[in-house]
Each structure stands twice: as C-alpha cells, then as structure tokens.
Amino acid sequence: MATIPIQTIFMPETTFGVAGTSEDYRTFSTQRGPIISEERVPKMRPLTEDEIKLVLEKLSKFLGDNLLHMIENPSNPHLFRLHRDRVFFLSEKLLKAAGCIPRKNLLSAGQCIGKITKGRKFRLGITALHLIARYAPHKVWLNPAGEQAFVYGNHIIKRHVGRLTADMPSGAGVCVLSLNGDLPLGFGTSAKSTAEIHTAPTEAISFYHHADVGEYLREEADLV
C-alpha cells in the first residue's frame, strides 16, 4: 500500500470543528431545546496524529490502496473530525457551511464512520458502509439464505456464498453484498483465502461478521 503523508489529512480549523461526509449529506441543527452553555458543549475537532493513524490503519484493511482515492480528491477535498469519540468524514465545503451554526445547536454535519474506544482503538461502524462499498477491492456476494443470516449478525459459511472476489487473501477486509442487485449489506474479514474457500466444507466459516445493516434496527440508539 502506498504511504499516505499524515499532513495531507490535517486541514485548517475553522471557528469550531465539525465532522461529516459528502455533499449529499445535510447539516442538521436543533430548532428548539434547553439553553446550554457554549463552554459545556463538546467541540468537534481535527484528529490528532495518533488518532489519524488508528483510523487510516483500519480503513486500509478494507480499502487497500483505494484509500488514497477516498482521501485525496482535489476537486472535492474531504477531512476527518472527532466528536464525542465518534469519527466523521466530510468535505471542506460542508465544514464551512456548518461553521455558521452555533456549536450548541449543531447535531450532525456529515457522516459518522466509526468510533475510538476507551482502549484507544478505532472501530469501523456500519455507517461507513457506503465508503467501503465504493472503494473495497475485495467483495463477497450472498445468496438469499445467506443475506438473512448475515443481517442477523452471523458469520458467513461457504454454502451462503454466491460469488466472491478472486485472489483474496485470508484476513482481508471485505464488503458483503446481495447477489441480487449488488445491495451492500455490511462488511467483515475473510476467514480463508479464495482458493481455500473453494475447497472448504459447505458449513465452514468463510467470512467473519463485522457489521451489517440490521444494526440500524438492533443498535439504533448507539450508532451516532
């Protein structure tokens, strides 16, 4: 994988840090609510160098060299922000637009892609699925029975695999899709290489579950 200069991730900070994603995402603000002191509101801020390393290491597991295409976009520059241990990804244009909203009124600006745990590890969340689906080099497509099992939080066994990427190594990050319509369902890691999966028993675990779209129902309150 190509080396990514850390300084390319840090962007000039505006009045207050905000976090987000592409232009398709809107900036939300509260219309009414309790009066909160500005000093008591957690500030969205740029990530530290150590935090950036955590995020890039995890993203590179799923995106490989395509990570460069995600973060280096001269026509529409994007950046990372941290708020309450959640990591957000947003465009510079959205960041500037959100800067006119008082910090105490800003609820969200862009897309949460994961969180940094108390143990100082970065956990990639299901809300990052559209980025993984777009840039992941390794993918697996599930048959209907496999789709249902996966969105209930289960690992993927061989008989549920309809199609998979060639030359995939063991331990690689993969995007999980529906065989009908290429609908992204979540992501995980390969338990075996492509060659090993082809020769494995039908009930053998081929991919480990990491996150699935069923979490929008099961864990709605904890996503952001």
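This report describes a predicted model of one protein chain, moving from its overall make-up to its two sheets and its cysteines.

## Overall make-up and confidence

The protein chain has 224 residues, of which 48% count as buried, and its secondary structure consists of 7 helices and 12 strands. The accessible surface of the chain comes to about 11,900 Å², and carbon and sulfur atoms account for 52% of that area. When contacts between residues at least 6 apart in sequence are considered, 69% of them join residues at least 24 apart.

Confidence in the prediction is not given by a single figure alone. The mean pLDDT of the chain is 82, with 81% of the residues reaching 70 or more, but over residues 5-38 the pLDDT stays under 50. The model still has 94 contacts beyond four places in sequence for residues 5-38. Where pLDDT is low, the predicted coordinates should not be read in detail.

## The sheet of six strands

One open sheet is built from 6 strands in the order β8-β12-β11-β10-β7-β9, and its pairing is mixed. The edges of this sheet are formed by β8, residues 156-157, and β9, residues 161-164; each has a single partner strand, so one side of each is left without a neighbour in the sheet. Two helices pack on this sheet. Helix α1, which covers residues 49-63, touches β10 (173-178), β11 and β12, and its direction makes about 100° with that of β11. Helix α5, which covers residues 144-151, touches β7 (139-142), β8, β10, β11 and β12, and its direction makes about 80° with that of β11.

Individual pairings can be followed from residue to residue. Strand β11, residues 184-190, pairs with strand β12, residues 205-212, in the antiparallel sense over 5 bridges. In this region F187 stands opposite A211 of β12, while T189 has Y208 of β12 as its bridge partner. Strand β12 is also joined to β8 by 2 bridges, and these two strands run antiparallel; here I156 stands opposite F207 in β12.

## The sheet of four strands

A further open sheet has 4 strands, arranged in the order β2-β3-β5-β6 with antiparallel pairing. Its edges are held by β2, residues 78-83, and β6, residues 122-124, and because each of them has a single partner strand, one side of each is left without a neighbour in the sheet. From one strand to the next, the twist of this sheet averages 35°.

Strand β2 pairs with strand β3, residues 86-91, in the antiparallel sense over 6 bridges, and within this pairing L79 has L90 in β3 as its bridge partner. Helix α1 packs on this sheet, where it touches β2, β3, β5 (111-116) and β6, and its direction makes about 35° with that of β6. The contacts of α1 are therefore worth following in the structure on both sheets, since α1 also packs on the sheet that contains β10, β11 and β12.

## Cysteines

How many disulfides does the structure hold? The structure holds 0 disulfides. Two cysteines can nevertheless be placed by their accessibility, for which the cut-off is that a residue under 20% relative accessible area counts as buried. C112 has 5% relative accessibility, so it counts as buried, and C175, at 0% relative accessibility, counts as buried too.

Note on methods
Residues numbered from 1 in each chain as written. Predicted model: local features only at pLDDT ≥ 70, side-chain atom pairs only at ≥ 80, totals over all residues. Heavy atoms only, no water. Disulfide = S-S within 2.5 Å. Buried < 20%, exposed > 50% of the residue type's maximum accessible area, 1.4 Å probe, protein only. Pairing = 2+ DSSP bridges. Contact = heavy atoms within 4.5 Å. Axes fitted to C-alpha atoms, helices over the stretch in contact; angles between N-to-C directions. Areas by Shrake-Rupley, 256 points an atom, 1.4 Å probe, with all protein chains shown as cover. pLDDT = per-residue confidence, 0-100.
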